[in-house]
Each structure stands twice: as structure tokens, then as C-alpha cells.
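Colleague: Could you take one part of this model and look at it closely, following its contacts outward to the elements around it? I would like a connected account rather than a list.

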Amino acid sequence: MDSINRNYRIYSVLQFVLAVAIFGTVCFIFSNSMQTGMDSSIASQAVQDFLQGLLRRLGHPGAAARLTEHMVRKAAHFCEYMLEGFLLLLGVRLFSPRLRYLSWPALLGLLTALCDETIQLFYAGRGSSVTDVWIDFAGVVTGMAAALAVSAVLGALFRPRRREESRGRH
């Protein structure tokens, strides 16, 4: 009974941590959309400068010269939503193990993207873009695929032991 309580506590802590991570990711995404166009541009420029410096140090001055603020912004959209898709898929599996559908995390990610683009309509110098929704959704799907890959690897690592143990019992 003690191991059951211990496993339940660990499971509950994992659920809590994952819920906080998902909530934090969505808040981060929305907070970026609540910046004015000027503030967003300044943040993107800082990231661009950092990446260009890194590329130059790594011996790729041509790539550094071709890196634009537009590329940084679109990559940021993709990466934010890739993290969200990864966490959402894990969340669906952790909160509802019987619910194996991919549609729920995909739908939640798409709804976040639509809300995100709608938020931008209300801030100076910002606008909404269907292209960004597609980039965001591609990030969600990529994150979900990464979560499925991680789940498959972990399953392959831990399932063989269970099969061998069950064979020994029969």
C-alpha cells in the first residue's frame, strides 16, 4: 500500500509540474503578443544580434549576414509553439492515459495560436497574420511528434522488462 501512495504522490507532482509548465508556456506566448510593435521589434533585434554573433563565432559569417529579424520572429513563433505542443501531448497522456487521441493537443495548440493572433490586434504596431497561425500550428505538430518520439523511446526502454517479468510468472 505504501508504494501505491508513493506512486500516486509522484504522479500527482508530475501532473502539477506539467500543468504549471503548460500554463507558463501559454502565458509566455500571450505576454509576447501583448508587447507593442516597437517593444517586440527591440526584443527580436536583441535575439538577432545574439544569434548573428554566435554564427560569426562558429565560423558562419555568411549565415549571420543573411539572418533577418523576420526570420527570428518566425522561428520564435515556431519554437514557442513546439514547446507547447510537446507539453500538451504529454499533458493529455498524463492527465488522461486512456485518451490517446492526437486531436486534443492539436486543437488546444490551434486555439492558443488563434487567441495569440487575436491578442495582437489590440496592441499598437501589431497585427494578426494567418501565416503566423500556420507557423504556430506547425510548431505544435512538431512538438507533438517530438513528444511521441520520446514516449516511444521510453516505452521501448521500459516495456521489454515488463514482458520478461510477465513471462517468468507464467
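**Around Asp136**

Modeller: Once its neighbours within four places in sequence are left aside, Asp136 is in contact with His77, Tyr81, Ala113, Asp116 and Glu117. The model is a predicted one, and what follows should be read with that in mind. Asp136 belongs to helix H6, which covers residues 130–169. Although Asp136 is buried, it has no salt bridge, and the nearest side chain of opposite charge, that of Lys74, is 7.8 Å away. Since a salt bridge here needs a side-chain nitrogen of Lys or Arg within 4 Å of a carboxyl oxygen of Asp or Glu, the value of 7.8 Å for Lys74 is to be read against that cut-off.

Helix H6 also holds Gly139, which counts as buried because its relative accessibility is 0%. Beyond the neighbours within four places in sequence, Gly139 is in contact with Phe78, Tyr81 and Met82. Tyr81, already named as a contact of Asp136, lies 58 residues from Gly139 along the chain, yet the two C-alpha atoms are separated by 4.8 Å.

Ala113, Asp116 and Glu117, which are among the contacts of Asp136, lead to helix H5, where these residues are buried along with Pro105, Ala106, Gly109, Thr112, Ile119 and Gln120. Viewed down the axis of H5, the buried residues fall within an arc of 155 degrees, so they line one face of the helix. H5 itself runs over residues 103–120, and its 18 residues reach 26 Å from the first C-alpha to the last, close to the 26 Å expected at 1.5 Å a residue.

Asp116 also takes the account on to Ser33, whose contacts, again without its neighbours within four places in sequence, are Asp116, Ile119, Gln120, Tyr123 and Arg126. Ser33 lies in helix H1 and is buried, with a relative accessible area of 2%. In the same helix, Gln15, Leu18, Ile22, Thr25, Val26, Ile29 and Phe30 are buried as well, and the buried residues of H1 pack against H5 and against helix H4 (69–95). H1 spans residues 2–33, and its 32 residues reach 47 Å from the first C-alpha to the last, close to the 46 Å expected at 1.5 Å a residue.

To return to the starting point, Asp116 is in contact with Asp136 of H6 and with Ser33 of H1, while Asp136 remains buried without a salt bridge.

Definitions and conventions. Residues are numbered from 1 along each chain as its sequence is written. This is a predicted model: local features need pLDDT of at least 70, side-chain atom pairs count only at pLDDT 80 or more; totals for chains, interfaces and linings use all residues. Side-chain values use heavy atoms; hydrogens and water are left out. Helices (H or I, at least four residues) and strands (E, at least two) are DSSP runs, numbered from the N terminus. The expected span of a helix is 1.5 Å times one less than its number of residues. Buried means under 20% relative accessible area, exposed over 50%, partly exposed in between (1.4 Å probe, protein chains only). The arc is that of the directions from the helix axis to the C-beta atoms. Contact means heavy atoms within 4.5 Å. Lys and Arg count as positive and Asp and Glu as negative; His and the chain ends are not counted.
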